[in-house]
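Colleague: Could you take me on a close look at one part of this model, starting from a single loop residue and working outwards? I'd like the cut-offs spelled out as you go, please.

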Amino acid sequence: MSRLKLPTRFLMLAALAAGAALGQSKQLMDEEYAKLVKEWTTAPQFMSPLVDHLPKAPGIPTTKDVLGYYVGQPKKLTKVADLGRYYRALAAASKRVKVLGAGATDEGREQIVAVVADEETIAGLDQYKGYLARLADPRGLSEPEARNLIALAKPIYMFIGGLHSAETGPPEMLMELAYRLAVEDSPVYDQIRKNVIVMMTAAAEPDGRDRYAEWYYKYKLAEENENDRVPGPPYWGKYIFHDNNRDINYSQVTMQNWLKFYLQWHPPIMHDLHESQPLLYTFSGQTPQNPTLDPILYAELPWFSEFELTKMIGYGMPGVWTHAFVDMWSPGYLGFMASNHNGMLRMYETMGNGGANTMRRTVGGGGPPGMPPDPDPAASPAEPPADAGGRGGRGGGRGGSMTAREWYRPLPPPRNIEWSMRNNTNYMETGVLSALELTAAFSKTVLENFYKKSRNGIESGSREAPYGYVLPAGQKDMTRVAFIVNILRMQGIEVGQAKAEVKLRDTTYPAGSLIVKRNQPYGRLAKILLEKQNYPDPNLTTYDDTGWTMGLMSHADVQEIADKAILDVPVQPVDMLTVTGTVKGEGSVYAVLHNGSNWLSTLRYRLKDLKFEAIDQPYKNGAIDLPAGSFLLPASPRAKSEIEKLGLQAVALQQTPDVKKHLVDIPRMAVFSTWGTTQDVGWVRYAFDHFELNYDLVYKERIRKGNLRSAYDVIVIPSQGRGGGKALIFDIESKGKPYAYSKSADFPSLGAYGESEDITGGMGLPGVAELDKFVNEGGVLITLGAASFLPADIGITRTVNAARTTAAFYAPGPIVECEITNPNHPIFYGYTQRVVPVRWAGGPLLTVPAEERRRAVLAQFPGQDKSVLSGLMRGVAETRNRPAIVDQPVGQGRVILFSTNPAYRWQNLGEFNMLANSILNFNDFPKPAPPAGADQSGR
Ligand SMILES: [Zn+2]
């Protein structure tokens, strides 16, 4: 050994020693990367030894090689096609990487997942898929066989990035993670590649990713601090913003595709990467916890989060915390599909800047720019908004000052910081690498737990009541039963149909009834979705809805079964349940029964050229029994075919029955949307599109143009404007310069669903005057939920007032009783019960003068303790006898104020008919009596 070589050797040994400690190796490093990320990282404590370097691997491209920049470069956001381009280039160059397709989005963009593991694992991916599928459904597997499988299997750890489009960092970080996992040499990386199959979405909401990135390049490049914020784009995905993480019934195609992907691959861990909290919050499953989920899950969650804290605080990174934000109550978050299917949902909130600019930020100073305001007005106004940064508080009730040292935040961050996309990347990537290190070290524990949770789920269903659920055949509208059954099926829950009568301890159900047995892998999920939500502690706040019971939401009969004999009932497995309609008898007139089906309105729209009448009152003649609101239309093969396809029930008659009836005209309808809160409008649009109701989507531009009555018969204002009428009218405050939302060659994703030269400013008072004129000239204005503050606050309905609940009131989306007080009103065609379940929508507490109540109030909230049917309502007495729906004649027209929201998140389909009925009978409401007392002469 020459003297010259000694220093080199010494350096190498030193490097190896350091490398061993840091998980690095003597690989050739990318010096340009190291220099740039150091420059982009705003302070040394925001960096970690896991990500301050990037190995070079001959022939394997970095993002710089493919896209021209490293991850975290200021002012760079990667669009969907480029994300795909990078992952495909990486997969083409490395046998450790593969790209899987997961379908196409609502707008037709591709959904892809990158997979990283060692070569052997990637080559045998299908085999590993098979092992996980077997562990996910361990029926018939002995314990030794299970142990064998666990020895062979590898867990999939799947990252979801970019579900919320303003949270821009995760899709960037994941590209670098994929590269690093593919090329970095060290025992830790070897172990991760060998023991774990890592998967990552390119972007979980590709439509929103492109739209947001274009908006960012158009308007947000100039932001330097919180005061420079510009409004976000009016849309992310096709219909909904933030609620893509609340799509419990998987209405959106993009979200359906992720569920399908999950059920093919069964990742035991799904890790959803969000940005709303400083600097990294790692979820550990706070109270309230859904007690139906396996106790193992609640042990695993803090196991992971504490390990991440241990590592990151060890690196000296401030602002990493856990145990304080978001709870384990609602099963409706996208990543919850893992917990719902015996895996584990993990979640981060890191601090994003709503783009890729480096910005001065105040920790605890509010959410990232571009975030929409809280979309859910259901909680008390005193509650801080969901996903708004820095305030914590909601869901777990803890968080406090973000810069305070707490037992769950041992190393708090400074208050004023300069923050960059690279800082955010460093935090996220260091966290997920730590999580992968833990998974790799304990991969068999993760698999054992996955198996045990699946096994326990089946066993609990054969050991504990309820043993199952019956959706009896013969319900008056089976299409809503089919809705429930098909969502259970989409979730992988087995449903069977009884061929014969089902005799159980207390009751007998007819042949054809639908049976959900609990002794199946996803029996617990069936229970969670179908049972009444018994909220455990009224003092606990929660992050989202407290109630979602599917039978109550759909107004369908779902029976919980305590008799174990249900498990032995012979059934025919149901793939998808389709309800075929019937037309009984022969004749020239079809009478289509108004049985509450939401497809009745579809029939009207599909046969728009035919004359439809609806009978005003029930009609009975011999065997013919028609409920009020039933349609009469000329018989034809085409009508018959549509009735059958839509699952409706009709009888053919020789002649039109002699009964009071009215024409069912299709109104010229507009749906009004602000530019600032399009989300709840999106849910109404989704329902209207699904049931094929025609409408124009209009914004302030059209309202202000006036002449509304000549163009429209009905204007629907979906729930919008958390602050009441004012928020709806003035919307996004003007910033002194216009923000156009329009399509161009550079920004092809903008201008979808409407265009505007300036999205700020709102309809203003001139817009309100046009709405007032519209109503007085004979139009029907329908306001839903929070939008019902508008006509009351502004005085379009002079005698109806709107009050707010007190700060003590707290009702995050429970299901409550609603009493129909005016059952003969056309709004209630198809409703046979006097008291029906509705979702509390956080709408106004309406008041109507006593002398008008009998006529104007169509339904009210009984507001008794027993009126809370599922979930939590604290302060129920505040709602006592408050109107739920008001029909107020104004001038020549009407205003229908729903304090409820009959088109909420594709959930409360039992309420939807109240909206559909008010649309289809818009010109057939009872004639108003002359106003008593209230002077309307001035209008
Ligand atoms: Zn988010």
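**From one loop to the sheets**

Modeller: Happy to! Ser597 sits in the loop that links strand S21 (589-592) to helix H19 (599-606); here helices are DSSP runs of H or I with at least four residues, strands are runs of E with at least two, and both are numbered from the N terminus. Before going further, note that this is a predicted model, in which local features need pLDDT of at least 70, side-chain atom pairs count only at pLDDT 80 or more, and totals for chains, interfaces and linings use all residues. Residues are numbered from 1 along each chain as its sequence is written, and side-chain values use heavy atoms, with hydrogens and water left out.

Ser597 counts as buried, at 1% relative accessibility; buried means under 20% relative accessible area, exposed means over 50%, and partly exposed is in between, with a 1.4 Å probe and protein chains only. Its contacts, leaving aside neighbours within four places in sequence, are Asp477, Thr479, Arg480, Leu648 and Asn913, where contact means heavy atoms within 4.5 Å.

Arg480 takes us to a second loop residue, as it is also touched by His555. His555 is found between helix H18 (550-554) and strand S18. Apart from residues up to four places away in sequence, His555 touches Arg480, Tyr831, Val836, Pro837, Gly910 and Glu911. With Gly910 there is a polar approach as well: a polar side-chain atom of His555 lies 3.3 Å from the backbone oxygen of Gly910. The cut-off for a polar contact is a pair of N or O atoms within 3.5 Å; within protein, one must be able to donate a hydrogen and the other to accept it, and residues adjacent in sequence count only if both atoms are side-chain atoms.

S18, at the end of that loop, belongs to an open five-stranded sheet with the order S18-S13-S17-S14-S19 and antiparallel pairing; two strands pair if DSSP finds at least two bridges between them. S18 (559-561) and S19 (571-573) are the edge strands, each with a single partner, so one side of each has no neighbour in the sheet. On average, neighbouring strands here are turned by 30° against each other, direction ignored. Axes are lines fitted to C-alpha atoms, for helices over the stretch in contact, and angles run from 0 to 180 degrees between N-to-C directions. S18 and S13 (residues 468-471) run antiparallel and are joined by three bridges, with Val470 opposite Gln559. Helix H16 (residues 478-490) lies across S13 and S17 (514-517), at about 30° to S17.

How far is His555 from Ser165, C-alpha to C-alpha? They are 34 Å apart in space and 390 residues apart in sequence.

With Ser165 as a signpost, let's turn to some earlier strands. S3 (residues 156-161) pairs in parallel with S5 over five bridges and with S4 over four. Phe159 has a bridge partner in each, His271 in S5 and Met200 in S4. In S5 (residues 269-275), seven of the seven residues are buried, so the strand is largely enclosed by the rest of the structure. In a regular strand the side chains alternate between the two faces of the sheet. For S5, one side carries Ile269, His271, Leu273 and Glu275 and the other Met270, Asp272 and His274, all buried. S5 also pairs in parallel with S10 (residues 344-350) over seven bridges, where Leu273 stands opposite Tyr348.

S4 (residues 197-201) is mostly covered too, with five of its five residues buried. Its antiparallel pairing with S2 (residues 110-116) has four bridges, and Val113 stands opposite Thr201.

One last stop: helices H8 (residues 169-183) and H9 (residues 187-195) have axes that come within 8 Å and cross at roughly 100°. That makes H8 roughly perpendicular to H9, given that 65 to 115 degrees counts as roughly perpendicular, under 35 as roughly parallel, over 145 as roughly antiparallel and the rest as oblique. H8 contributes Arg180, Leu181, Ala182 and Val183 to the contact, and H9 contributes Tyr189, Ile192 and Arg193.
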